[in-house]
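Please find below my notes on this entry, set out point by point for a colleague who has the coordinates open.

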Amino acid sequence: MSAPNTFFRASRPMFRSSQFFSSTQKTSTFRQNASKSSKRFQSTAGAPETAAQESLFKRMWNSPVGFKTVHFWAPVMKWALVLAGVADFARPAEKLSLTQNAALTATGLIWTRWCLIIKPKNYLLAAVNFFLGMVGIVQVSRITMWHQAQKKLEADKTEAPVQA
């Protein structure tokens with residue numbers, strides 16, 4: 001056997017041991033910091049690209065107001081109130097309740113503001129409350145115009161016999 005082969009065979013255990021790579025050896029500060037954090041260096045430019053690669057469903061699923069939270073399902077169910085109010089546009093004004101529609105109007109307008117103050121901001125809930133308030137305003141104005149028309153008709157009926 002040649003001399004170099006014998007030397008390398010004899011030194012193999014030394015290369016494998018941790019004593020050979022002692023802390024007295026000079027290493028760069030980058031390598032020292034990288035080994036402490038145990039994370040690979042990644043630029044911040046890569047973060048938006050990974051967010052853009054996620055599907056809409058995955059982003060909504062992981063969102064603070066996503067599919068698996070009450071912040072999503074409460075506004076979805078509240079759209080039923082808006083649709084019921086829109087369906088009441090076809091009903092005659094004398095069959096509508098002023099107090100109920102005033103309550104829906106107040107609820108819609110107050111909670112629209114609240115949805116924009118809370119964290120996380122819930123734009124879906126703000127939208128449904130805004131439309132609930134608008135439907136309520138339309139219904140309340142229809143009811144008050146009907147009441148005014150009825151008062152005017154009663155006043156005309158009471159004045160008509162006096163003039164005749």
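The points that follow go from the overall fold to one helix, then to the core, the aromatic pairs and a single exposed residue.

1. Overall make-up. The coordinates are those of a predicted model, and everything said here should be read with that in mind. The secondary structure comes to 7 helices and 0 strands, and the order of elements from the N terminus is accordingly α-α-α-α-α-α-α.

2. Burial and contacts. Of the 164 residues in the protein, 18% are buried, while the accessible surface comes to about 13,000 Å², with 64% of it belonging to carbon and sulfur atoms. When contacts between residues at least 6 apart in sequence are considered, 65% of them join residues at least 24 apart.

3. Geometry of helix H6. Helix H6 covers residues 98-115, and its 18 residues, at 1.5 Å a residue, should span 26 Å, which agrees with the 26 Å between its end C-alpha atoms. The expected value rests on 1.5 Å times one less than the number of residues.

4. The two sides of helix H6. Which residues of H6 are buried? They are Asn 101, Thr 105, Gly 108, Thr 112 and Cys 115, and because the buried residues of H6 fall within an arc of 115° when seen down its axis, they line one face of the helix. The face turned away from this buried side carries the exposed residues Thr 99, Ile 110 and Arg 113. As a general background to such patterns, an α-helix has 3.6 residues a turn, so residues three or four places apart point the same way.

5. The largest nonpolar core. This core has 7 residues, namely Val 82, Cys 115, Leu 125, Ala 126, Val 128, Leu 132 and Val 135, and helix H7 (residues 123-163) gives the most to it, with 5 residues. Cys 115 thus appears both in this core and among the buried residues of H6. Leu 125, another member of the core, touches Pro 75, Lys 78, Trp 114 and Cys 115, when residues up to four places away in sequence are not counted.

6. Aromatic pairs between helices. The count comes to 3 aromatic pairs. In one of them, Trp 79 and Phe 131 are tilted, at 5.8 Å centre to centre and with 40° between the planes; this pair links distant parts of the chain, with Trp 79 in helix H5, Phe 131 in helix H7 and their positions 52 residues apart. Both partners are partly exposed, since the relative accessible area is 27% for Trp 79 and 41% for Phe 131. Ring pairs also link Trp 79, Phe 130 and Phe 131 into a cluster.

7. An aromatic pair within H6. The rings of Trp 111 and Trp 114 have centres 4.7 Å apart and planes at 80°, and the pair is therefore edge-to-face, the cut-off for that class being over 60 degrees. Both residues lie in helix H6, 3 residues apart, about one turn of the helix. Trp 111 is partly exposed at 37% relative accessible area, and Trp 114 is likewise partly exposed at 38%.

8. Met 77. Is Met 77 in helix H5 buried or exposed? Met 77, which has its place in helix H5 (residues 70-87), counts as exposed because its relative accessibility is 57%, where the cut-off is over 50%. Met 77 and Val 128 are 51 residues apart in sequence, and their C-alpha atoms are 9.6 Å apart in space; Val 128 is one of the residues of the largest nonpolar core.

Definitions and conventions. Residues numbered from 1 in each chain as written. Predicted model: local features only at pLDDT ≥ 70, side-chain atom pairs only at ≥ 80, totals over all residues. Heavy atoms only, no water. Helix = DSSP H or I, 4+ residues; strand = E, 2+ residues; numbered from the N terminus. Buried < 20%, exposed > 50% of the residue type's maximum accessible area, 1.4 Å probe, protein only. Core = buried A, V, L, I, M, F, W, Y, C linked by side-chain atoms within 4.5 Å. Contact = heavy atoms within 4.5 Å. Phe/Tyr/Trp six-rings, centres within 6.5 Å; stacked < 30°, edge-to-face > 60°. Arc of directions from axis to C-beta. Areas by Shrake-Rupley, 256 points an atom, 1.4 Å probe, with all protein chains shown as cover.
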